[in-house]
Amino acid sequence: MWSFSKIADLVHQSLNHTFSPTLATIIEMVIVGVCVIGLFAVLGLVLVIMERKVSAWIQIRLGPNRVGPKGMFQSLADTVKLLVKEGMTPSGADKFLFNLAPYIALIVAMLLMAPLAFAKDFQMWDLNIGVLYVSAISSVSVISILMAGWSSNNKYSLMGAMRSGAQIVSYELSAGFSVLSVVVLAGSLNLNTIIQSQADGWWIFKGHIPVMISFVIFIIAVTAETNRAPFDLAEAESELTAGFHTEYSGMKFALFFLAEYVNVFIVCAIGATLFLGGWMPFHIGHWDGFNHVMDYIPSSIWFFGKTFFLIFLIMWFRWTFPRLRIDQLLNLEWKYLLPISLFNILLVTAMAILGWYF
Amino acid sequence: MVEEIGTTEEGDLIINVGPQHPATHGVLHLVITLNGETIKKVEPHLGYIHRSIEKMCESLTYRQFIYVTSRMDYLSAHINNHACALCVEKGLDVEIPRRAQVIRVLMDELTRIASHELWWGAMAMDLGAFTPFFHAFRERETINDIMEETCGARLTMNYMVPGGLMADLHPNFQKRVKEFITLYKLKINEYAELVTGNIIFQNRMKGVGYLSAEDAISYGCSGPTARGSGVSCDIRKLYPYEVYDKLEFDEVLETEGDSFARYMVRIGEMNQSIKIIEQLIDNIPDGDFQAKTKVVLKLPKGEFYSRVETARGELGVYIVSEGGTTPYRIKFRSPGFSNLSALDHMARGSKLGDLVAMMGTLDLVIPDIDR
């Protein structure tokens, strides 16, 4: 059967056949890099049009419907517009940091793609500490936001950046704890092993209520970490005009914009991998017929389907809820989510030791 | 005059919100002194949209100047026209036909609902929720369509003239208003589900922007802003004009004085307006829509004052006449100006995010403040 892993193997073999092993590895790396950049661009376009269509659907309007069939090329046209726009640097800005910040946001988002398993046996880097790697790299993104806010020489930007710093650092804790609950149950930090451990059922079903609690906390925490509404205080357009990227224009703004959407994709992919079984098909106990039908759906479709379901959930939040205030935001984390997740991790650990899961 | 850039000597941050800023819904300029996220002082700077309407009115005749007043509080254009027409009628000492009175009240209440719908959507947008805005506009458009049929305009109606109305009602009016009432009753529950009952929304509104009854009176607040603090100030009840004294409706009062109280007052007012419309829509009397007046209006020498309840509060029109065809002096007492003056008092000590919510609940319309 056709699959991503077969194509990857084929490319690997043919490269090793024609070139020396060193050259083959270098070429493979270049191919992977191009693929990541390509995926990055495609995801940006797809998620932007998806967000606009979802918001239009929620807001009883049509959304983009002029460029291409049903307005599907609208984000392409927007990209062209952003590319040809002048990228201005405000006077008094720290030019080096100002220009560096969007690239850091971009690189962080790209690095996070490495350990994701997009399909069965299709992974860029099968890292044995995948979960740790993801938590470590994703916390670097706050640096780009702080850098952008500080170097813009704009008070709105600075306030947005400070809010964002406080927010991301706080919510990293809950996100970490909820991820940890799956790690405890699966007994591994390797994303691939975690997926394999869900062959007989996803963790959200196997792990009873504690894992469901972790899942809910995870979704809340990553919504906050990616600065999405109702936690979009870093941008808060009705208070801070555009927050940390107020002064950015043209492609530099587009990079922040892209990074935001790709970050949403990545956190949803992580959520899908840890809690919803990644590319594992949906199986019900001993219903062999049903399970076989599910197996026929390609693993990449399972992965992207689950991921986009979570993305839809996060978009739904954005277009439904009002924004929180900064002190309420931090209260929610430190007074509610963190104690709950601390207690929850105890429960999960007890469950794992006593074997109280399916 | 405060320094508009940089920081104060104590190290507080000064930021300029406006004149171009998404939260001010117009060209209002707020100079805010911040200590971190906490507000220490808010200083509104006005004048960016000053069009000297009062001065313009002095060179226009009593028939002409009413058209200018539609541009003051553009969300309650009917009610502005109404206030001016009432004042001129007081000077002329004419009694307008009952049909005109009823239609005026109907139009006023429709305008009030339309204005509150827009406020509801815009305030939710201030709080970061975009969707309510579109839901509110769906209903508001229905009212605008009704207005368009009868008045020929959607925003600056110029329908009420001294002596009655510009034209008679459109034949479809009653049918379409009834359709609107059905639609409204269906959709008002959506409002409650989407915004009023939302836990984030309630946390953002309750206990925020407190204004005591004493302060509301001393700042001269009126309308829903004062009624949210428990000050009874509905002109329709206290100094009834047209047919308001024969109608059954309640003055919506809340005593908490916070943003949520002001919100609930406006939601309650929309329901009361529907109640008024329901009482009148089937009982529009036959007859003329205009009283017989002279072509050129001349007010006798003297001073005339009229007041009405707009969607934002008390609008007073004060005309000084020297006996000619144009007023010697006109003064408008606009509700937005007084309500805005309470902002500094309300905002001190709260967070920057709450300032936007407070401005939302004050329902500021900048052309009404600046004129």
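These legends walk through several close-up views of a predicted model with chains A and B.

**View 1. Transmembrane regions of chain A, as placed by UniProt.** An unreviewed UniProt entry assigns the feature "transmembrane region" to residues 23-49, 96-118, 130-150, 171-191, 203-224, 253-276, 296-316 and 336-357 of chain A. Two of these spans are worth a look in the model. Residues 130-150 of chain A are 90% helix and 0% strand, with 32 Å between the end C-alpha atoms. In residues 296-316 of chain A, helix again makes up 90% and strand 0%, and the end C-alpha atoms lie 30 Å apart.

**View 2. A loop residue of chain A with a positive phi, Ile60(A).** Follow chain A out of helix H2 (21-58) and towards helix H3 (74-84), and you will find Ile60(A) in the loop between them. Its phi is positive, about 40 degrees, although Ile60(A) is not a glycine. Most residues other than glycine have a negative phi. Ile60(A) counts as exposed, because it has 11 C-beta neighbours inside 10 Å and the cut-off for exposed is 12 or fewer.

**View 3. The contact between chain A and chain B.** Here chain A contributes 23 residues and chain B contributes 27 residues. On the side of chain A that touches chain B, helix H11 (237-240) and helix H15 (326-354) of chain A are the elements that give two or more residues. Sorted by class, that side of chain A holds 10 nonpolar, 5 polar and 8 charged residues.

**View 4. Chain B as a whole, to set the scene for the views that follow.** The C-alpha trace of chain B spans about 65 × 50 × 35 Å along its principal axes. Chain B contains 15 helices and 8 strands. Its radius of gyration is 21 Å, which agrees with the value near 21 Å for a compact globule of 371 residues. Of those 371 residues, 50% count as buried. Among contacts in chain B between residues at least 6 apart in sequence, 69% join residues at least 24 apart.

**View 5. The two annotated stretches of chain B.** UniProt, in an unreviewed entry, gives the annotation "domain: NADH-quinone oxidoreductase subunit D" to residues 126-294 and 297-371 of chain B. Residues 126-294 of chain B are 53% helix and 2% strand, and their end C-alpha atoms are 48 Å apart. For residues 297-371 of chain B the figures are 37% helix and 28% strand, with the end C-alpha atoms 25 Å apart.

**View 6. An open sheet of 3 strands in chain B.** The strands run in the order E1-E2-E3 (chain B), with antiparallel pairing. E1 and strand E3 (38-45) of chain B stand at the edges with a single partner strand each, so one side of each has no neighbour in the sheet. From one strand to the next, the twist averages 20 degrees. Strand E2 (residues 29-35) of chain B pairs with E3(B) in the antiparallel sense over 7 bridges. To find your place in this pairing, look for Thr33(B), whose bridge partner in E3(B) is Lys41(B). In strand E1 (residues 13-17) of chain B sits Leu13(B). Leu13(B) counts as partly exposed, because it has 17 C-beta neighbours inside 10 Å. The C-alpha atom of Leu13(B) is separated by 48 Å from that of Glu148(B), 135 residues apart along the chain.

**View 7. The hairpin of E6(B) and E7(B).** Strand E6 (residues 302-309) and strand E7 (residues 314-321) of chain B pair in the antiparallel sense over 8 bridges. Within the pair, Tyr305(B) stands opposite Tyr318(B) in E7(B). The hairpin has 4 residues between its strands, and Gly313(B) in the turn has a positive phi of about 150 degrees.

**View 8. Helix H14 of chain B and the residue that follows it.** In helix H14 (residues 352-362) of chain B, 11 of the 11 residues are buried, so the helix is largely enclosed by the rest of the structure. Among them are Leu352(B), Asp354(B), Met358(B), Met359(B) and Leu362(B). Next comes Asp363(B), which follows H14(B) and is found in the loop between H14 and helix H15 (366-370) of chain B. Asp363(B) has a phi near 55 degrees, a positive value in a residue other than glycine. Asp363(B) counts as buried, because it has 27 C-beta neighbours inside 10 Å.

How values were computed:
Residues are numbered from 1 along each chain as its sequence is written. Chains are lettered from A and ligands numbered from 1 in the order in which they are written. This is a predicted model: local features need pLDDT of at least 70, side-chain atom pairs count only at pLDDT 80 or more; totals for chains, interfaces and linings use all residues. UniProt positions are given in the numbering used here, feature names are shortened, and annotations may be inferred rather than shown by experiment. The radius of gyration is taken over C-alpha atoms; the globule rule is 2.2 Å times the number of residues to the power 0.38. A residue is buried if 20 or more other C-beta atoms lie within 10 Å of its own, exposed if 12 or fewer, and partly exposed in between; C-beta atoms are placed from the backbone. Two residues are in contact if their C-beta atoms, placed from the backbone, lie within 7 Å. Ala, Val, Leu, Ile, Met, Phe, Trp, Tyr, Cys and Pro count as nonpolar, Asp, Glu, Lys and Arg as charged, and the others, Gly among them, as polar. Two strands pair if DSSP finds at least two bridges between them. Axes are lines fitted to C-alpha atoms, for helices over the stretch in contact, and angles run from 0 to 180 degrees between N-to-C directions.
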